[in-house]
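Reader: I should be grateful for a close look at one part of this model, set in the context of the whole chain. Please take the last helical element as the subject and explain how the rest of the chain relates to that part.

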Amino acid sequence: MSLLPEFQTITGLIDNGHLLHDEISAMPRTSQRRMYGLMKEIMKDELIFVIEVEKRKLRMNRE
């Protein structure tokens with residue numbers, strides 16, 4: 001099977017991403033789409049958390 005283009009971009013940015021590429025490409029497209037949707041939600045939440053941590057660090061450094 002082939003990998004969704006969105007996953008091709010992401011796996012290209014990850015260390016050893018070729019392993020994930022192989023694993024995900026073996027799954028049906030519907031599963032890949034569901035996984036991608038879930039991954040976007042998780043990444044959004046993680047990014048919000050990282051931004052808040054960085055803001056706190058910046059505030060602490062100013063004080």
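**Helix H3 and its surroundings**

Author: The protein chain has three helices and zero strands. Read along the sequence, these elements give the pattern α-α-α. The radius of gyration of the protein chain is 16 Å, well over the 11 Å that the globule rule gives for 63 residues, so the chain is more spread out than a compact globule. The model is a predicted one, and its C-alpha trace spans about 55 × 20 × 15 Å along the principal axes.

Helix H3 itself comprises 34 residues, running from 29 to 62. What end-to-end distance should a helix with that number of residues span? At 1.5 Å a residue, the expected span is 50 Å. The multiplication uses one less than the number of residues. In the model the end C-alpha atoms of H3 are 49 Å apart, which agrees with that expectation.

Two separations give a sense of distance along this part of the chain. Asp45 lies in helix H3, and the C-alpha atoms of Asp45 and Gln32 are 20 Å apart, with their positions 13 residues apart in sequence. Pro28, by contrast, belongs to the loop between H2 and H3. From the C-alpha atom of Pro28 to that of Val53 the separation is 37 Å, and the two residues are 25 apart along the chain.

Which residues of H3 are buried? They are Ser31, Gln32, Tyr36 and Met39. A general point about helices is useful here. An α-helix has 3.6 residues a turn, so residues three or four places apart point the same way. The cover over the buried residues of H3 includes helix H1, residues 5–13, and helix H2, residues 17–25.

Other positions may be set beside these. Asp45 has a relative accessible area of 45%; because this value falls between the 20% limit for buried and the 50% limit for exposed, Asp45 is partly exposed. Pro28 is likewise partly exposed, with a relative accessible area of 39%. In the protein chain as a whole, buried residues make up 19% of the 63 residues.

The two covering helices also meet one another. Thr11 is placed in helix H1 and is buried, since its relative accessible area of 7% is under the 20% limit. Leaving aside residues up to four places away in sequence, Thr11 touches Leu3, Gly17, Leu20 and His21. His21 is 10 residues from Thr11 in sequence, and their C-alpha atoms are 6.1 Å apart in space. Between H1 and H2 there is a loop that contains Asn16. Asn16 is exposed, because its relative accessible area of 52% is over the 50% limit. The phi angle of Asn16 is near 55 degrees, a positive value in a residue other than glycine.

Finally, some totals place H3 within the whole chain. Among contacts between residues at least 6 apart in sequence, 55% join residues at least 24 apart. The protein chain exposes about 5,300 Å², of which carbon and sulfur atoms supply 60%. The chain carries 10 positive and 10 negative charges, and the mean positions of these two groups are 6 Å apart.

Note on methods. Residues numbered from 1 in each chain as written. Predicted model: local features only at pLDDT ≥ 70, side-chain atom pairs only at ≥ 80, totals over all residues. Heavy atoms only, no water. Helix = DSSP H or I, 4+ residues; strand = E, 2+ residues; numbered from the N terminus. Buried < 20%, exposed > 50% of the residue type's maximum accessible area, 1.4 Å probe, protein only. Contact = heavy atoms within 4.5 Å. Rg over C-alpha atoms; globule rule 2.2 N^0.38 Å. Areas by Shrake-Rupley, 256 points an atom, 1.4 Å probe, with all protein chains shown as cover. Lys, Arg positive; Asp, Glu negative; His and termini not counted. Charge placed at Lys NZ, Arg CZ, Asp CG, Glu CD.
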